[in-house]
Amino acid sequence: MSAMLGVAVQAISAALLLIAGAQKLAAPSRFEETLRALGLPLVRSLVVAVPLVELLTASLILVRLSPQIAAALTVILGGSFGGAGLVALLQRKTVQCACFGPIGKGTLGIRQVAAVPLWLTAAAATLYLPGVSGATGVTVLVVLALSAGIVAAAYLLIKLRSSSSVEEAYSG
Amino acid sequence: MAILSVLILVCLLAMVDQRRTLDHVRGHLARAAKPEAIEYIRPAPSLTSVGLPAGLGEASHLVLLFLSTSCTSCLSLARRVKESASEHLWIVLNAPSVSAGWEWIDDVGLRRDAVTVDSAQEVFRGFGVGITPAILVLRRGEVMLGQTVPSYDQLEPLLSTDNLPPELTEADEVPAL
């Protein structure tokens, strides 16, 4: 039972971090706007570094080379996002949430603060619950990435089938 | 393999974002392309006096579409119109010469029997139309509506009598249920 729970938490945590990191890398402008709106320094570095850390964390959660590092990164990420929500609340700013890049229309605030316990839970699960590791973890990572890729590809195919040419778009 | 699959995912998500941006731009263009009323001579001249076929004056619903061979959006519009095959449409084409006009019509694939090549601008000047693409909607020879046509979306509803706005239907016509 605890193994199943551990694997489930592993997969969900890794999937969310994978999609969040990949989305930020694929379409960084929304995340960059959010960072600038928060008044953070080194925005251009953070735009690349944060999603890479998310992807690294997702990989470490699944592969379990070092559960301690994976848990520490999970706590750091959760604390950062919760802190961003808190800053937006305290400064009474309306800052677009870029948690999953351009997807989602929410703003930073109480949701990010409320999600901190979930991040801590995920970190604890990484440390104390059994789950996949090693080659199996890599396989799960590949499956998650390709599954998300298939969903993205299906979306594109559907849109392509229903679209008209650029000329027709301009001429109606 | 893991790195490759993540890279593939990032690339696909980038394409999704590009597509969403394109859809957003298209939506903005469609909203921005609103037809505007045009100036035209009132009362309108008789259709035969400007060189149009006599039978057109009897039509209960007629759309005169004014196009020009030098107008890029006219070409795009004409290509969409070609597919509509509406019996209520008559094209008036401004061209540098009659042969150039027919060549343009043939290149687009429009029916020659629903076109007037107006190289002398007799029709354009007769109605006082100074912009293309534009339409005049006539009911039994009387102009009921004159506006620009930024896109085919604005023209299509007028090519059929099924869903005309009230001001363009005759008082004794009962809309289909």
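## A tour of the contact between chain B and chain A

Between chain B and chain A the count of salt bridges is 1, and that pair is a convenient place to begin in this predicted model. Select B:Asp23 and A:Lys159, whose side chains meet in the salt bridge with an N to O distance of 3.3 Å. While both chains are displayed, note that 1 residue pair in polar contact is found across the interface of chain B and chain A, with both residues at pLDDT 80 or more.

Next, colour the side of chain B that touches chain A by its secondary structure, where helix 1 (2-32), helix 2 (72-82) and helix 5 (152-155) of chain B each supply at least two residues. Select helix 1 of chain B by itself, since this helix gives the most to that side, with 16 residues. If the residues on the side of chain B that touches chain A are then coloured by character, they divide into 13 nonpolar, 3 polar and 8 charged.

Now select both sides of the contact together, which takes 24 residues from chain B and 32 residues from chain A. The size of an interface is often given as the accessible area lost when the parts come together. Here chain B and chain A bury about 2,400 Å² between them, and 70% of that area lies on carbon and sulfur atoms. For the complex as a whole, the predictor gives an ipTM of 0.82 and a pTM of 0.58.

Move on to the cysteines of chain B and select B:Cys71 and B:Cys74, which are joined by a disulfide with an S to S distance of 2.3 Å. Over all chains the structure holds 1 disulfide. Looking along the S-S bond, one finds that the link of B:Cys71 and B:Cys74 is right-handed, with 85° about that bond.

Finally, recolour the model by confidence, taking one chain at a time. Chain B averages a pLDDT of 86, and 92% of its residues score at least 70. Within chain B, select residues 172-177, over which the pLDDT is below 50 and which, beyond near neighbours in sequence, have 0 contacts in the model. Chain A likewise averages a pLDDT of 86, with 92% of its residues scoring at least 70. To see the range in chain A, select helix 8 (residues 166-171) of chain A, where confidence is lowest at a mean of 52, and then helix 3 (residues 43-63) of chain A, where confidence is highest at 93.

Terms used: Residues are numbered from 1 along each chain as its sequence is written. Chains are lettered from A and ligands numbered from 1 in the order in which they are written. Side-chain values use heavy atoms; hydrogens and water are left out. pLDDT is the predictor's confidence in each residue, from 0 to 100. Contact means heavy atoms within 4.5 Å. Buried area is the accessible area (1.4 Å probe) that two parts lose on being put together, summed over both. A salt bridge is a side-chain nitrogen of Lys or Arg within 4 Å of a carboxyl oxygen of Asp or Glu. A polar contact is a pair of N or O atoms within 3.5 Å; within protein, one must be able to donate a hydrogen and the other to accept it, and residues adjacent in sequence count only if both atoms are side-chain atoms. Helices (H or I, at least four residues) and strands (E, at least two) are DSSP runs, numbered from the N terminus. Ala, Val, Leu, Ile, Met, Phe, Trp, Tyr, Cys and Pro count as nonpolar, Asp, Glu, Lys and Arg as charged, and the others, Gly among them, as polar. A disulfide is a pair of cysteine sulfur atoms within 2.5 Å.
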